[in-house]
Amino acid sequence: MASWSPDAPCSCDCFVAAPPASAIPAVIFAKNSDRPRDEVQEVVFVPAGTHAPGSRLQCTYIEVEQVAKTHAVILSRPSWLWGAEMGANEHGFCIGNEAVWTKEPVGEEEALLGMDLLR
């Protein structure tokens, strides 16, 4: 059994149960979060959209080229950023973010967050 240490990295966990493991005939997706307990989490709906060629999209820290078509999504996200902790699109695809522990150095320039990539 692993022991808990205040120096141990914290992380999120995702959970999926599909029939027959679920009590109902549905897939169940859940996620816990390692975000601060007093951080506001919003549940938001973003409708599907079509976007003009050359459109730009402001993410949390940087701007990227917008894709031509986006699907509707429902997201759970910290209120201060553009990305999301978890979400599902109109086609039933669900996703949740997880920490990635690496020894690679963090770059100095602003970039997309993992939660931006999830969205």
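Which residue does R77 meet in a salt bridge? That was my opening question for today. I am working from a predicted model, and I keep that in mind throughout.

**Entry 1: R77 and its partner**

I found that the side chain of R77 meets that of E42, at 3.0 Å from N to O. The two come from distant parts of the chain: R77 belongs to strand β8 (residues 73–78) and E42 to strand β3 (residues 41–46), 35 residues apart. I then looked up how covered each one is. R77 is buried at 14% relative accessible area, because the limit for that word is under 20%. E42, with 28% relative accessibility, counts as partly exposed.

**Entry 2: the other salt bridges**

How many salt bridges are there by the rule used here? I get 5. A reminder to myself on the background: side chains of opposite charge can pair when their charged atoms come close.

I looked at E39 next. E39 pairs with R35, and their closest N and O atoms are 2.7 Å apart. E39 is buried, with 17% relative accessible area, while R35 is partly exposed at 26% relative accessibility. This pair belongs to something wider, as K31, R35, E39 and E85 are linked in a network of salt bridges.

I also noted E63 with R56, where the closest N and O atoms are 3.2 Å apart. Here E63 is partly exposed at 42% relative accessibility, and R56 is partly exposed too, at 47%.

**Entry 3: Q66, next stop after R56**

Where is Q66 found? I located Q66 in the loop between β6 (63–65) and β7 (69–70). Is Q66 buried or exposed? Q66 counts as buried, with a relative accessibility of 15%. Leaving out residues up to four places away in sequence, I listed what Q66 touches: H51, S55, R56 and L57. So R56 turns up twice in my notes, because R56 touches Q66 and also has a salt bridge, defined by a cut-off of 4 Å, with E63.

**Entry 4: the four-stranded sheet**

I went back to β3 and β8 to see what surrounds them. They belong to an open sheet of 4 strands, in the order β3-β8-β9-β10, with antiparallel pairing. Why do β3 and β10 (94–96) each have one side without a neighbour in the sheet? They stand at the edges and have a single partner strand each, so nothing in the sheet flanks that side. Neighbouring strands here are turned by 15° against each other on average, direction ignored. For the general picture, strands of a sheet pair through backbone hydrogen bonds, either parallel or antiparallel.

I then followed the strand pairs one by one. β8 and strand β9 (residues 86–89) are joined by 4 bridges and run antiparallel. Two positions I looked up here were I74, which stands opposite A88 in β9, and L75, which stands opposite G87 in β9.

β9 and β10 also run antiparallel, joined by 3 bridges. M86 has G96 in β10 as its bridge partner. These two strands form a hairpin with 4 residues between them, and G92 in the turn has a positive phi of about 85°.

**Entry 5: I95 on the edge strand**

I95 lies in β10. I find I95 partly exposed, with 33% relative accessible area. Which residues is I95 in contact with, leaving aside neighbours within four places in sequence? They are F29, E85, M86, G87 and L118. I recognised E85 from the salt-bridge network. I also checked a distance: the C-alpha atoms of I95 and A52 are separated by 27 Å, with their positions 43 residues apart along the chain counted as the step from one to the other.

**Entry 6: P19, I24 and a nonpolar patch**

Last, I turned to the loop between β1 (13–17) and β2 (28–32), where I24 has its place. P19 is found in the loop between these strands as well. P19 is partly exposed at 43% relative accessibility. Beyond residues up to four places away in sequence, P19 touches I24, P25, A26 and V27. The C-alpha atoms of P19 and A68 are separated by 35 Å, and the two residues are 49 apart along the chain.

I24 also belongs to a nonpolar patch on the surface, together with F15 and I28. I noted about 280 Å² of accessible area for the three together.

Methods
Residues are numbered from 1 along each chain as its sequence is written. This is a predicted model: local features need pLDDT of at least 70, side-chain atom pairs count only at pLDDT 80 or more; totals for chains, interfaces and linings use all residues. Side-chain values use heavy atoms; hydrogens and water are left out. Buried means under 20% relative accessible area, exposed over 50%, partly exposed in between (1.4 Å probe, protein chains only). Contact means heavy atoms within 4.5 Å. Two strands pair if DSSP finds at least two bridges between them. Axes are lines fitted to C-alpha atoms, for helices over the stretch in contact, and angles run from 0 to 180 degrees between N-to-C directions. Patches are made of residues with over 30% relative accessible area and no salt bridge: like charges are joined within 9 Å, nonpolar side chains (Val, Leu, Ile, Met, Phe, Trp, Tyr) within 5 Å. Accessible areas come from the Shrake-Rupley method with a 1.4 Å probe; for residues, only the protein chains shown count as cover.
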